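Q: Please take one part of this model and look at it closely. Which residues does it hide, which does it show, and what lies around it?

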Amino acid sequence: MRIRVVSSREEIFTLNPNERIVHLAFRPSNKDIFGLVETCPKIEVIQLPKSYMRTVSKSIEMFLQMQRIQLLEGDVWGHRKDINEYYAIPSSVIDKIKEMKNEGKSTEEIEKKVSRESKLNPEMVAYILNKEVSS
């Protein structure tokens with residue numbers, strides 16, 4: 001599973017239309033979010049750093065809900081955009097989630113443990129749990 005890291009407004013319009021998970025490393029305006037959804041019609045998740053999350057308007061939150069797009073808080077720790085435009089979620093993390101799910105652990109327990117060990121936020125762990133494990 002890969003997260004496309006976008007570090008500028010201008011980059012939004014150069015994205016692959018098939019992107020499903022995007023991390024915005026800048027403070028997006030409403031226009032930027034609309035542009036992203038228009039450019040990537042298959043988008044499922046938009047991730048923002050914690051400090052930018054607080055500045056997202058209620059109207060954009062409602063718009064994303066209506067489009068069934070999750071707005072998650074989180075970071076891509078240690079990622080260098082100059083080396084790779086994607087942040088890959090290690091397969092070991094996905095395997096750990098699957099293993100814990102097979103052991104019958106609760107969703108909350110999995111989110112808590114995996115987010116602590118992998119530095120992924122609990123919402124992203126929940127998304128992976130629903131997306132990868134159920135498929």
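A: Buried means under 20% relative accessible area, exposed over 50%, and partly exposed in between (1.4 Å probe, protein chains only). Helices are DSSP runs of H or I, at least four residues; strands are runs of E, at least two.

The model is predicted: local features need pLDDT of at least 70, side-chain atom pairs need 80 or more, and totals for chains, interfaces and linings use all residues. Numbering runs from 1 along each chain as its sequence is written, and side-chain values use heavy atoms, without hydrogens or water.

The part chosen is helix H3, residues 58-66. Start with its hidden side. Ile 60, Phe 63 and Leu 64 are the buried residues of H3. Down the helix axis, these buried residues fall within an arc of 95 degrees (taken from directions to the C-beta atoms), so they line one face of H3. An α-helix has 3.6 residues a turn, so residues three or four places apart point the same way.

Now turn the helix over. Lys 58, Met 62, Gln 65 and Met 66 are exposed on the face of H3 turned away from its buried side.

What covers the buried residues of H3? The cover includes helix H1 (30-39), strand S3 (45-48) and strand S4 (70-73). Contact here means heavy atoms within 4.5 Å.

Look next at Phe 63. The structure holds one aromatic pair (ring centres within 6.5 Å). Its members are Phe 34 and Phe 63, with ring centres 4.6 Å apart. Their planes meet at 70 degrees, so the pair is edge-to-face (over 60 degrees). Phe 34 lies in H1 and Phe 63 in H3, so the pair ties together parts that are 29 residues apart in sequence. The two partners can be read one by one. Phe 63 is buried, with a relative accessible area of 16%. Phe 34 has 43% relative accessibility and counts as partly exposed.

Ile 60 has another role to note. Ile 60 helps to line the largest cavity, a set of points on a 1 Å grid where a 1.4 Å probe fits but cannot get out. Lining residues have an atom within 4 Å of a point. The other lining residues are Pro 28, Asn 30, Ile 33, Thr 55, Val 56 and Ser 57. The lining divides into four nonpolar, three polar and no charged residues. The volume of this cavity is about 30 Å³. A search of the whole structure finds one cavity of 30 Å³ or more.

Last, the exit from the helix. Just after H3, Arg 68 takes a positive phi of about 60 degrees.

Key. 1 Å grid on protein atoms, 1.4 Å probe; cavity = no way out; pocket = protein on both sides within 12 Å on 5 of 7 lines; lining within 4 Å. Points joined across faces, edges and corners; volume = space filled by probe spheres on them. Nonpolar A, V, L, I, M, F, W, Y, C, P; charged D, E, K, R; others polar. Phe/Tyr/Trp six-rings, centres within 6.5 Å; stacked < 30°, edge-to-face > 60°.
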